[in-house]
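Visitor: I have a model open and I'd like to learn how to read it. Can we go through it feature by feature?

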Amino acid sequence: MVTSFFDQFSSPLFMGIPLMALALLLPWILLPTPSSRWLNNRLLTLQNWFLGMFTRQLLLPINHPGHKWALILASLMIFLLSLNLLGLLPYTFTPTTQLSINLGFAVPLWLATVLIGLRNQPNLSLAHLLPEGTPLLLIPILIIIETISLMIRPLALGVRLTANLTAGHLLIQLISTGLFVLLSLQPAVAILTGALLLMLSLLEVAVAIIQAYVFVLLLSLYLQENV
Amino acid sequence: MADRPVAIVEKRLMDVKLGELGTWLGGRDFTPNGIIASVRRGHDRYYNKYINVKKGGIGGVAMLLAGYVALSYFWEYDHLKHDRWRKYH
């Protein structure tokens with residue numbers, strides 16, 4: 001059977017259920033629901049603290065009508081964060097390496113920001129297509145360019161997340177394969193490779209956190225323009 | 001001390017005698033609602049024992065994650081068994 005390094009991104013079936021279903025279900029199991037007690041357990045306290053800090057920080061630049069988006073942006077952030085970090089465990093599946101999932105997050109939310117802007121303040125939304133102070137002759141070209149950049153935003157959001165996570169996972173698999181083979185041949189080089197793998201794993205943890213944050217931040221930026 | 005008589009179907013699994021197992025299984029609720037209720041009961045038992053405590057440590061979450069890793073391995077075993085001693089990866 002011919003296998004490639006990309007096989008880790010396939011979602012194998014077990015009794016008809018893909019592994020992606022388990023991977024998508026796990027954040028729901030791991031994150032406790034807030035309770036009405038005065039003093040909660042440590043996990044819940046930690047979660048509430050993080051969500052409160054994050055939501056406050058995210059909604060700072062957005063004006064009042066945009067605060068309706070607080071819930072969906074915060075839950076998106078914690079979902080992406082947990083999906084990315086859980087994917088770093090051995091043998092697990094990361095749904096965010098699939099372009100379908102990321103585009104499924106990006107396109108509806110981006111489209112919602114655009115439609116909100118066009119519906120509530122159409123003049124202002126269309127005015128975003130032309131930066132201030134452009135020379136008269138450049139106006140037609142610039143409008144076309146700005147429209148293209150607007151249309152490309154959901155693609156960029158989805159592909160950015162997919163590419164970052166896929167590349168990270170591939171690198172980890174490649175270097176660990178090399179380490180495994182080198183252990184028997186040249187142990188000294190294997191130690192260097194092991195150090196590289198350790199640093200790469202730390203990088204991947206950082207990338208997992210940062211990419212989730214960037215996704216939500218950019219969405220909030222698009223919201224801020226339009227609301 | 002004599003235990004209060006409980007109907008077979010309502011006993012916990014560990015209290016059911018081997019001969020009564022068929023009756024017990026036949027009387028349990030396997031409808032979707034019943035399955036969801038049993039999953040919720042199991043989740044509540046785990047949560048209240050390991051996580052919803054005053055000084056919960058990393059053990060509660062770590063056990064869940066270890067179980068998740070083990071379950072993922074089991075889920076994709078058919079795919080992984082080809083990787084074991086292959087010559088070219």
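Guide: Let's begin with a term: a polar contact is a pair of N or O atoms within 3.5 Å, where, within protein, one must be able to donate a hydrogen and the other to accept it. Keep in mind that this is a predicted model.

Visitor: How many residue pairs are in polar contact between chain A and chain B?

Guide: There are 4 such pairs between chain A and chain B, with both residues at pLDDT 80 or more. As for salt bridges, the rule finds 0 across this interface.

Visitor: And how do people usually put a size on an interface?

Guide: The size is often given as the accessible area lost when the parts come together. Here, chain A and chain B bury about 2500 Å² between them, and carbon and sulfur atoms give 69% of that. The contact draws on 29 residues from chain A and 24 residues from chain B.

Visitor: Which parts of chain A supply the side that touches chain B?

Guide: In chain A, β1 (13-14), β2 (17-18), α1 (19-30) and α2 (42-59) each supply at least two residues of that side. The largest share, 6 residues, comes from α1(A). Sorted by class, the side of chain A that touches chain B has 21 nonpolar, 5 polar and 3 charged residues.

Visitor: What does UniProt say about transmembrane regions in chain A?

Guide: An unreviewed UniProt entry places the feature "transmembrane region" at several spans of chain A, including residues 12-31 and 138-159. You can then hold each span up against the model. Residues 12-31 of chain A are 60% helix and 20% strand, with end C-alpha atoms 25 Å apart. Residues 138-159 of chain A come out at 95% helix and 0% strand, and their end C-alpha atoms lie 30 Å apart.

Visitor: Now salt bridges. What's the general idea?

Guide: Side chains of opposite charge can pair when their charged atoms come close. Over all chains, the count comes to 3 salt bridges. In one of them, A:Glu225 pairs with A:Arg153, the closest N and O atoms being 3.5 Å apart.

Visitor: Why does the pair of A:Glu225 and A:Arg153 tie together parts that are far apart in sequence?

Guide: A:Glu225 lies in helix α7 (residues 187-226) of chain A and A:Arg153 in helix α6 of chain A, so the pair links parts that are 72 residues apart in sequence. A:Arg153 is buried, with a relative accessible area of 18%, while A:Glu225 counts as partly exposed at 30%.

Visitor: What about chain B?

Guide: B:Arg40 and B:Asp44 meet in a salt bridge at 3.7 Å, N to O. These two are separated by about one helical turn because they sit 4 residues apart in helix α2 (residues 32-51) of chain B. B:Arg40 is exposed at 52% relative accessibility, and B:Asp44 is partly exposed at 30%. In another salt bridge, B:Lys81 pairs with B:Asp78, with the closest N and O atoms 3.2 Å apart.

Visitor: Last one: is A:Ser125 buried or exposed?

Guide: The cut-off for buried is under 20% relative accessible area. A:Ser125 has 10% relative accessibility, so it counts as buried. This serine is found in helix α5 (residues 122-127) of chain A, and its side chain reaches the backbone oxygen of A:Gly117 at 2.8 Å. Leaving aside neighbours within four places in sequence, A:Ser125 is in contact with A:Gly117, A:Leu118 and A:Asn226.

Notes:
Residues numbered from 1 in each chain as written. Chains lettered and ligands numbered in written order. Predicted model: local features only at pLDDT ≥ 70, side-chain atom pairs only at ≥ 80, totals over all residues. Heavy atoms only, no water. Contact = heavy atoms within 4.5 Å. Buried area = accessible area lost by both parts, 1.4 Å probe. Salt bridge = Lys/Arg side-chain N within 4 Å of Asp/Glu carboxyl O. Nonpolar A, V, L, I, M, F, W, Y, C, P; charged D, E, K, R; others polar. UniProt positions renumbered as here; feature names shortened; annotations may be inferred. Buried < 20%, exposed > 50% of the residue type's maximum accessible area, 1.4 Å probe, protein only.
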